[in-house]
Amino acid sequence: MTTRPPLDPAVVDSLRQLTPPGEPDVLAEILSVFLTEVPRRVDRLKSAFRDRDAAEVQRAAHSLKGSSGNIGADGMFEVCRQIDERAKAGDLGIDALLDGLDREYRNVEAEIRRILQNG
Amino acid sequence: MDSLQVLVADDEPVSRTVVGAMLKKAGFVVHYAHDGEQAWQRLNGPNPPSLALLDWEMPGLQGPEVVERIRGSQSHAPTYLILLTSRDTSADIVSGLRAGADDYVTKPANEDELIARVNVGARVVRLQLALADRVRSLEEALANVKALQTLLPMCAYCKSIRNDQNYWQKVETYFHQHSGVSFSHSYCPSCYERYVLPELEKLESRDQGRGR
């Protein structure tokens, strides 16, 4: 299995180019929003999972899918897509996927911090 | 050309920020709404943005519901509405367009496609504004023509016209005010014979009298 980078470099590059001349770095803004908002939504997903609330699990997974898709976090996107799909069908047998989500998020977070530090 | 104002309504903050940044880079003035209710308030309020990108799945009011409300409100200025959606089956697209959306963009948005579609919307909006302007000036012109078509009271002797304020105006002034027509003063050949020539002859004979 080839290991893919946590964030698709092409997507990161296109986000970097969204910064208009003389304006604050848009990539940094987007990645900071991700770091602030995503852990909250992961927590919401987990607490909905503990409450066996499939509808809320689905909503949170859908939102996380959007967040990860937008920054090119393809691995995390794929896990969220699967949780979204299962929860939509009322299937909450997603323990392994939740572990996968934690793992993917940790990788993405580390990569974001690396980018934010190196500019 | 003025920058158009665009509303981005999405409860998902990363997507909202990314889409907003794409629009700003393309020169649009961007406003944000965090859910469907806020989007509806903004679009139904004073000075609404003329273009809106609405996420399909938002808590409370969903994108298509916001679209339906806007299309159902009579007083509303026409707004170009684009749905943002990860649903890309043809059934979803059809139901979004049936609700009254002008277009849809799939998420995550590709920058070039998003901006191209928003530019289509901007073109439509500008065209609508230009047409509305044109209709307004045509209506004004029509109102003036109507005023001219009605029966005008005219003095049988001095030819003055009585206006709506019961005031007698010279024909030239009246028509100038109601139709923008301007008059230049001259004389026709028969009046030249009848009035101008005798006047000239009178002046001439007076000069000759002085000269002697």
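User: Two strands pair if DSSP finds at least two bridges between them, so how many bridges join strand 3 of chain B to strand 4 of chain B?

Analyst: This is a predicted model, and in it strand 3 of chain B and strand 4 (residues 80–85) of chain B run parallel and are joined by 5 bridges. Within that pairing, B:Leu51 stands opposite B:Tyr80 of strand 4 of chain B.

User: And which strand pairs with strand 3 of chain B over 4 bridges?

Analyst: That is strand 1 of chain B, and the sense of the pairing with strand 3 of chain B is parallel. One of the facing positions is B:Ala9, which stands opposite B:Leu54 in strand 3 of chain B.

User: How many residues of strand 3 of chain B are buried?

Analyst: Strand 3 (residues 51–55) of chain B has 5 of its 5 residues buried, so the strand is largely enclosed by the rest of the structure. The covering applies to both faces of strand 3 of chain B, with B:Leu51, B:Leu53 and B:Asp55 buried on one side and B:Ala52 and B:Leu54 buried on the other.

User: Back to strand 1 of chain B: in which sense does it pair with strand 2 of chain B?

Analyst: Strand 1 (residues 5–9) of chain B and strand 2 (residues 29–33) of chain B pair in the parallel sense, with 5 bridges between them, and B:Val6 stands opposite B:Val30 of strand 2 of chain B. To get from strand 1 of chain B to strand 2 of chain B, the chain passes through helix 1 of chain B, and this β-α-β crossover is right-handed.

User: What's the whole order of elements in chain B?

Analyst: Chain B has 7 helices and 7 strands, and from the N terminus their order is β-α-β-α-β-α-β-α-β-α-β-β-α-α.

User: What does the radius of gyration of chain B come to?

Analyst: Chain B has a radius of gyration of 32 Å, whereas a compact globule of 212 residues would have one near 17 Å. Taken along the principal axes, the C-alpha atoms of chain B fill a box of roughly 105 × 35 × 30 Å. The domain assignment splits chain B into domain 1 (5–136) and domain 2 (161–211), and the C-alpha centres of these two domains of chain B lie 63 Å apart.

User: What about chain A, how many helices and strands are there?

Analyst: Chain A has 5 helices and 0 strands. Its radius of gyration is 15 Å, close to the 14 Å that the globule rule gives for 119 residues, so chain A is as compact as a globular protein of that length. Along the principal axes, the C-alpha trace of chain A spans about 50 × 30 × 20 Å.

User: What share of each chain is buried?

Analyst: Buried residues make up 27% of the 212 residues of chain B and 39% of the 119 residues of chain A.

User: How many residues of chain B are in contact with chain A?

Analyst: 15 residues of chain B are in contact with 17 residues of chain A. Helix 1 (residues 13–25) of chain B gives the largest share of the side of chain B that touches chain A, namely 9 residues, and the residues on that side of chain B divide into 6 nonpolar, 3 polar and 6 charged.

User: Is B:Val18 buried or exposed?

Analyst: B:Val18, which lies in helix 1 of chain B, counts as buried because it has 33 C-beta neighbours inside 10 Å, where 20 or more are needed. Leaving aside neighbours within four places in sequence, B:Val18 is in contact with A:Leu15, A:Ile30 and A:Asn70. The C-alpha atoms of B:Val18 and B:Ala109 are separated by 8.7 Å, although the two residues are 91 apart along the chain.

User: Changing topic to backbone geometry, which residues does the cis peptide bond join?

Analyst: The cis peptide bond joins B:Lys107 and B:Pro108, with omega at about -10°, and B:Pro108 lies in the loop between strand 5 (103–106) and helix 5 (111–149) of chain B. For background, most peptide bonds are trans, and most residues other than glycine have a negative phi.

User: Where is B:Lys159 found?

Analyst: B:Lys159 is found in the loop between helix 5 and strand 6 (161–162) of chain B, and it has a positive phi of about 65° although it is not a glycine. B:Lys159 is exposed, with 9 other C-beta atoms within 10 Å.

User: And what is phi at A:Arg52?

Analyst: A:Arg52, also not a glycine, has a positive phi of about 55°. A:Arg52 lies in the loop between helix 2 (26–50) and helix 3 (54–70) of chain A and is exposed, with 9 other C-beta atoms within 10 Å.

Technical notes: Residues numbered from 1 in each chain as written. Chains lettered and ligands numbered in written order. Predicted model: local features only at pLDDT ≥ 70, side-chain atom pairs only at ≥ 80, totals over all residues. Domains from an automatic or database assignment. Contact = placed C-beta atoms within 7 Å. Helix = DSSP H or I, 4+ residues; strand = E, 2+ residues; numbered from the N terminus. Nonpolar A, V, L, I, M, F, W, Y, C, P; charged D, E, K, R; others polar. Rg over C-alpha atoms; globule rule 2.2 N^0.38 Å. Buried ≥ 20, exposed ≤ 12 C-beta atoms within 10 Å, placed from the backbone. Pairing = 2+ DSSP bridges. Right-handed = clockwise from strand over helix to strand, strands pointing away.
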